[in-house]
Each structure stands twice: as structure tokens, then as C-alpha cells.
Amino acid sequence: MTLYINGIGCISPQHTFDNSVFLPEVKEYATNRLACVDADYAKFFDAGSLRRMGRLMKYGTAAGMIALRDAGIDVPGAITTGTALGLPEVSQKFLRSLIEVEETIVSPTTFIQSTHNTVSSNIALLCKCFSHNNTFSHKGFSFESALTDAQLLTLENTDNILVGAYDEVSDYKYAAMKKTNELRQEPCSNLDIYGAQNKGILAGEGAAFFVLSKEKNENSYGSFIGNKTFYKPENKGEIRNHILSFLQENHSSMEEIDVIITGISGAKEVDETRIELNKNLFTTQTILAYKHLCGEYMTSSAFAFWLASKILKSQQIPDAVILENRNRSPKNILLYNSHKHNHSLMLFKAC
Amino acid sequence: MAFHKGDVTLSEVEGSCIMQGKSQQIHIAGKGAISAIGNNVAENFASLRNLQTGVSKITVLTTRYAETLPAAEVKLTNEELAARCGLNSNEPRTALFSLIAAKEAVTDANIPDFKKWRTGFVSANTVGAMDKTETIYKYFMEDGNTNKLIEEDPYDAGYVTELVANELGIKEHITTISTACSSSANAMAYGARLIKSNQLDIVVAGGCDAMSRFTLNGFNSLMILDTNPCTPYDDNRKGLNLGEGAGYVVLVSEKVAATLSKKPTTTLSGYANANDAFHQTASSPEGKGNFMAMQGALEMSGLAAKDIDYINLHGTGTPNNDLSEGIAVQRIFGAVPKASSTKPYTGHTLGACAGIEAVYCILSIENGIIFPNLRFQTKMKELDFTPVTELLQNIEVNHVMSNSFGFGGNCSSVIFSKAN
């Protein structure tokens with residue numbers, strides 16, 4: 001089932017919130033923790049709200065509003081989102097305060113923002129959208145489930161669905177990642193993470209939203225054909241089979257695919273499979289990587305969705321994302337990403 | 001987008017059943033529950049009939065408020081829960097509840113060749129691993145000591161779902177919904193939609209949540225906790241009591257239902273998700289989102305308001321919820337059918353409540369019984385109706401509506417019907 005991408009909004013560790021440009025320059029980080037580049041939030045919220053809102057609440061909500069404005073839609077038909085970890089910074093602010101005062105008197109401000117559905121419902125509140133509002137919080141399937149929800153909604157006769165995902169690196173998460181030795185050793189640069197010697201991931205974050213519609217229009221970026229998730233594949237063969245059957249189910253084939261967006265991240269054991277696929281299966285496609293731009297996080301596939309949208313519309317591939325150039329015109333794009341046991345595939349086509 | 005062994009994709013069902021509104025029935029083949037009033041469905045049913053409340057003094061959770069804020073705890077330690085389900089007792093309490101109830105539901109369904117079908121697990125929770133984190137976090141704050149940190153983020157709701165999916169042996173489609181107190185209603189609806197669109201044959205759907213100092217202090221900071229056992233829909237209601245537990249149903253397609261030796265008694269005949277878009281934590285005075293959710297669920301089921309025999313109200317006991325919900329119920333129904341909140345029994349179990357209450361609605365249909373709204377005394381002056389106050393038995397219950405409304409204006413209603 002084809003859905004047209006008619007509006008996009010992305011806030012990430014790169015300058016991505018301005019839809020009139022496409023990665024004009026890549027921001028370099030000399031740390032293993034990438035943080036969102038803030039948009040001018042005063043354009044979206046009044047001063048009082050801004051003071052109360054946590055960081056993710058601001059950039060998550062703003063990304064949704066950018067997508068709606070881009071699509072020229074005041075009220076979407078439904079809102080469905082994914083977030084693996086909800087709003088950890090405000091939640092932990094509340095947790096810290098209750099530990100500090102030993103459960104005596106705590107302010108509800110941060111508790112109010114602590115439920116996972118806060119961003120999704122905040123957008124509903126701002127644009128007065130009374131219809132279906134969902135939030136999936138399942139690790140590397142969070143954004144993918146929201147996409148499935150959007151496809152089901154379309155079948156159920158809802159149109160112009162706002163779908164998106166958002167996550168942030170909290171201090172706790174960053175400390176936990178350090179503890180498990182997942183992170184890249186500092187000093188490091190995000191512009192050099194895919195070399196064989198460089199192992200370890202960059203902690204990342206971001207928010208990306210899309211308006212998906214049944215009809216295409218002059219603002220359409222491209223079409224989203226379908227997605228598929230699979231859990232705990234037993235071996236590389238199973239991954240390969242999932243990729244090939246996914247293409248077949250969507251009436252496509254490996255030959256037809258021009259561009260692969262791979263979730264290669266610097267994580268040794270995971271990248272090993274990805275690199276092998278790049279060598280053996282994706283032999284004629286231009287291969288792109290994106291996690292040096294936004295870092296690794298469980299809903300990073302939403303950033304990749306944004307990247308695919310921009311490429312399809314502009315028919316340009318920025319040098320900064322090219323891992324292997326086979327000089328193919330970007331008409332058909334396949335995304336393969338994974339986060340631990342969660343694997344996901346998405347298929348896009350130019351309009 | 002296909003998650004399955006079969007060959008049918010969404011694009012192929014386009015233009016077929018769901019577009020024409022003649023979608024297949026979703027049968028409920030099994031149910032499982034654990035709450036303050038029982039560790040399984042039979043114990044819950046006995047407590048419901050015996051008017052036995054689960055609200056009492058807090059004894060399991062370590063909190064300053066143990067003596068002052070009553071709650072509906074499952075009176076088992078994590079070690080005792082772990083012994084019942086086989087998970088490690090170090091895992092989040094939320095996961096221990098989830099596995100106990102989900103396993104009961106799957107066993108109850110007793111589906112022959114369970115493995116041959118395309119099966120999903122759609123679970124809901126709102127606190128994730130918070131019960132573990134809130135204890136460890138103190139050390140992190142004191143000296144940045146990361147040795148004790150658990151890898152799971154406090155709010156990693158999906159961690160809990162994967163633990164349980166692994167134990168149930170479900171791999172095909174796994175996801176987690178977290179829309180505050182409406183979470184498990186949305187999990188059931190999403191599961192039903194995956195079956196209707198022919199992506200799955202079976203979905204174990206519902207939700208779980210455990211008590212935590214985080215939520216207890218959060219609700220307390222909003223001043224919506226009652227210092228006595230809660231009294232929903234009473235004019236003198238003061239607030240809610242928190243609870244904990246899990247509730248799951250096994251949703252199956254018509255094709256699966258036809259293979260079962262124990263025929264399903266109930267179908268999930270309607271559901272709807274709407275947003276109040278009024279305030280982050282409060283309901284609009286007229287209950288707009290509540291109204292739209294109930295109306296949407298009725299529309300889908302093809303039933304008229306007068307066909308509903310019983311409403312399991314969200315009825316948390318907060319002044320705001322009961323008033324908004326009550327006004328919306330009156331607008332939808334005119335003559336309000338028999339209605340009650342079962343939260344005086346279980347407390348408000350947040351992400352688990354629609355799952356647990358789904359089990360109660362099915363029990364109501366199966367046994368021709370309606371559970372009372374315990375402790376009700378005084379009619380709300382703004383409303384024309386009062387809830388059921390006595391156990392009603394030997395009556396015909398064909399269609400039951402269950403409401404769940406949450407933070408963020410998330411409003412969901414589901415309807416259960418007696419299977420033909």
C-alpha cells in the first residue's frame with residue numbers, strides 16, 4: 001500500500017529543522033554524545049509553556065508542528081508516534097526530587113510530562129486533533145509500530161496521518177551505556193566512525209515526523225511503500241531471507257533497489273552482519289550510512305526515514321552519507337536498520 | 001508490511017473486508033489476570049462476587065506513605081511472584097505480573113498447534129522497570145556510581161514486553177503501547193486490527209503495571225489520591241487509590257476460533273481511540289474525548305446505545321474523571337444502563353486497568369453477573385444516574401462497554417459481546 005510523504009519535520013544533532021535546505025554542512029562532534037541542534041522554539045510555543053517544557057517535549061512537539069506546516073495541514077487525521085524511552089530527563093528530574101526530599105513535597109510539573117504519550121498528546125492539544133492518538137514504546141520497534149498503525153489507519157479510511165518518533169539521551173542512559181562499554185572511546189569524531197579500527201557507538205537522539213497521505217501533491221517527497229519488523233533472527237541467512245521476502249511482498253526486487261540506507265553504527269558485532277550484507281547482497285546499490293549524523297538511538301530509523309524523504313524529493317545524495325557509491329539515480333530506497341534484537345526494513349519510491 | 005509466514009500482505013487486503021466495514025469477528029479465546037483481589041481469574045472472580053476489596057494498607061512497596069495512603073497491592077513479594085512464573089526475581093515487578101497473567105490467558109485459550117499460527121504479543125505498561133530504577137537511582141545521584149546501574153532505562157517499556165514474549169515463545173510480532181491509563185485498551189484494539197488486516201491470526205493483548213514510589217508520589221503531587229479507600233461516582237469522592245497487576249486476553253481470528261475445543265464465549269466487537277485535546281492531565285468538563293471514544297466503539301460494533309447491558313466505567317474516583325465521564329455517558333446513553341467502576345476492588349492499575357477490566361467484562365457476560373461499585377453512598381449532584389451497588393446475578397448480559405481514559409487526553413472505549 002502506497003502512502004505519500006507530504007510533509008516532514010526533523011530535529012536532530014544536525015541542522016535538519018529547516019526544510020528548505022538539505023544537510024548544507026555536517027556538524028562535527030568531538031564527543032561520543034550527540035545532542036539535538038535546537039530550532040527557534042519561540043516560533044512554536046509561548047514563553048510560559050517553554051519554561052515548563054523539558055527539552056524533548058520542545059524538540060519532539062516542534063518536529064511534529066514543522067511536519068504539519070510543511071504539509072499545509074492544520075489538523076491531521078490521526079497522530080501516531082513511537083518513543084523507546086518516553087521522556088527520561090523530566091522523569092528523572094521528578095525521580096531525583098522525590099529521592100532528595102525523601103518523598104515529602106514534590107512538584108507535579110515534571111510528573112505531568114513523564115508519561116510516554118506526552119509529546120503525541122501535546123501535539124493533539126496544540127492543533128486540536130481529537131482523533132486517534134497512539135504511542136508505541138517498544139525499543140527498536142517503536143517508530144516501526146507507529147508506521148504500521150498509520151498504514152492500518154489508512155485502510156480504515158483515515159487520511160493525512162501525522163506519524164513520528166522521538167528519543168533523547170538522558171544522563172542515566174549515557175552512564176549506563178558507558179558502563180556496558182558500548183560507547184566509542186573519546187577522543188573521537190563523528191565523521192570517522194565506520195573504519196574497521198574504530199569501534200563503539202555514538203549516543204544519539206532526535207525527533208522526526210511525517211505527514212502520510214493517500215494522495216500525492218506538489219509538496220510530496222516520495223512514497224512510503226511498506227515496512228516489516230523481525231525479532232531475534234537466528235542467523236545471517238534469516239536476515240537475508242527477511243530482506244528478500246519483504247521486497248517480494250512489496251512487488252519489488254533487489255535489482256530494482258538503487259539505494260540502501262544501512263543502520264551501520266560502529267557497534268562491532270552488529271556491524272559485522274551489516275558489512276557482510278553490504279558485500280554480498282547489496283552489490284550494485286549505492287550504500288548510505290546515517291548514524292554519524294544523529295548517533296545511535298532506538299528510534300533512529302525515523303531519522304533515516306527523513307533522509308530517504310529528502311533524497312527522493314531532491315534526487316540528490318549528500319556526499320556526507322555515502323559509504324559506497326554505485327552512481328545510481330535514487331528512485332527506490334531500502335532501509336535496513338537494527339537495534340539489538342529489533343530489526344526493521346522500510347521501502348520508499350520516488351513519486 | 002508483513003510479519004508472518006503467510007503470503008498475504010496489507011496491499012492484498014486493500015479493498016477487501018476492512019474497507020467495506022464487514023470485517024471479521026475477533027473472538028476472545030482466553031483470559032488471564034492478577035490484581036490485588038486475586039492471583040488468577042478464578043480468585044479475581046471470587047473476590048468480585050464476595051465484594052472483597054483489594055484496597056488496604058501498603059505493605060509491599062517501601063514508601064513514606066505506607067501508613068497514610070491506601071493502595072491495592074498484590075500481596076506477594078517479587079520472589080514469590082518469580083516462583084509462580086519462572087522469571088528471575090531481579091526482573092521488574094511489572095514483568096512478573098505480565099508473565100503470570102499472559103501465561104494464564106494462553107493456557108486458558110488452549111489453542112491446538114499454537115506454534116503453527118501467526119501470533120503476536122501486544123502489551124502495555126507505563127512504568128517499565130521503574131521499580132528497579134528508583135532504588136538504584138539513589139546511588140547514581142550520590143556519587144555518579146554506575147556500577148549498580150541497570151542497563152534498562154527506567155522507562156524502557158519494551159524491555160518488559162520482550163522478557164514475557166520470550167517466555168511465551170512469541171516472536172512473530174511484538175510491540176508495546178504506552179498511552180498512560182488507556183494503554184491496554186489500545187493494545188487490545190491494535191491486536192484486533194492486526195488480525196482484521198490478516199497480518200496475524202492470534203494476538204495476546206493486554207497490559208501490566210506495578211506500584212512504584214514514582215507513580216505514588218506523582219499522583220500524590222497532583223492531589224488526586226484518596227487517603228481512604230476510593231469511592232468512585234460518589235458525590236463525596238476524594239480521589240483514586242493506586243493498584244497494580246496485569247490482565248490479558250487472547251484474541252483470535254474466526255479461522256482459529258473454529259479449531260478450538262472450548263468455543264470462545266465473547267468477541268471484541270468494538271473499540272475506538274480519541275483524544276480530548278484539552279489538558280495534559282485533566283479531562284474536559286463535557287468529556288469530549290470520552291464521548292468520542294464511546295461513540296466510536298458503538299459505531300464499530302454496529303450496536304445502538306440501548307443494546308449495552310453494562311458499562312465498566314473508568315471511574316477512578318477523582319472528582320474530575322468521574323464528572324467528565326459521567327456527563328459523557330449521559331450524553332451517549334440518555335437512559336444510562338447498569339454501570340459500575342471496579343476500581344474500588346483493584347485500585348487504579350494504570351497501564352493494566354483495561355486488561356484487567358476486560359477480564360471482568362468477559363466474566364460478566366459469561367456468568368450473567370454485574371459487579372457492584374463498592375462503597376457508593378451519595379449520588380453525584382451533577383448526574384442523573386447512580387452506579388450499581390449490589391451484586392446482580394442471573395441476568396442477561398450480551399454487550400458490555402469498558403472505558404479507559406488517561407493523561408494526555410487519551411480516551412479509549414472497547415465493547416465486548418456474547419459470541420453467537
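Here's a quick tour of chain A, from its overall build to the place where its two domains meet. Keep in mind that this is a predicted model. Chain A splits into domain 1, covering 3-213, and domain 2, covering 226-349. Its secondary structure adds up to 11 helices and 11 strands.

**Overall build**
- Chain A has a radius of gyration of 19 Å, and that agrees with the value near 20 Å for a compact globule, because the chain has 351 residues.
- Along the principal axes, the C-alpha atoms take up a box of roughly 60 × 45 × 40 Å.
- Buried residues make up 60% of the 351 in chain A.
- If you look at contacts in chain A with a separation of 6 or more, 79% of them join residues 24 or more positions apart.

**Where the two domains meet**
- The C-alpha centres of domain 1 and domain 2 of chain A sit 21 Å from each other.
- On the domain 1 side, 43 residues are in contact with 35 residues of domain 2 of chain A.
- Four elements of chain A each bring at least two residues to that side of domain 1: the strands β1 (3-11), β4 (161-167) and β5 (206-213), plus the helix α6 (142-155).
- The biggest giver to this side of domain 1 is α6(A), with five residues.
- As for chemistry, the domain 1 residues on the side touching domain 2 of chain A come out as 22 nonpolar, 14 polar and seven charged.

Technical notes
Residues numbered from 1 in each chain as written. Chains lettered and ligands numbered in written order. Predicted model: local features only at pLDDT ≥ 70, side-chain atom pairs only at ≥ 80, totals over all residues. Rg over C-alpha atoms; globule rule 2.2 N^0.38 Å. Buried ≥ 20, exposed ≤ 12 C-beta atoms within 10 Å, placed from the backbone. Contact = placed C-beta atoms within 7 Å. Domains from an automatic or database assignment. Nonpolar A, V, L, I, M, F, W, Y, C, P; charged D, E, K, R; others polar.
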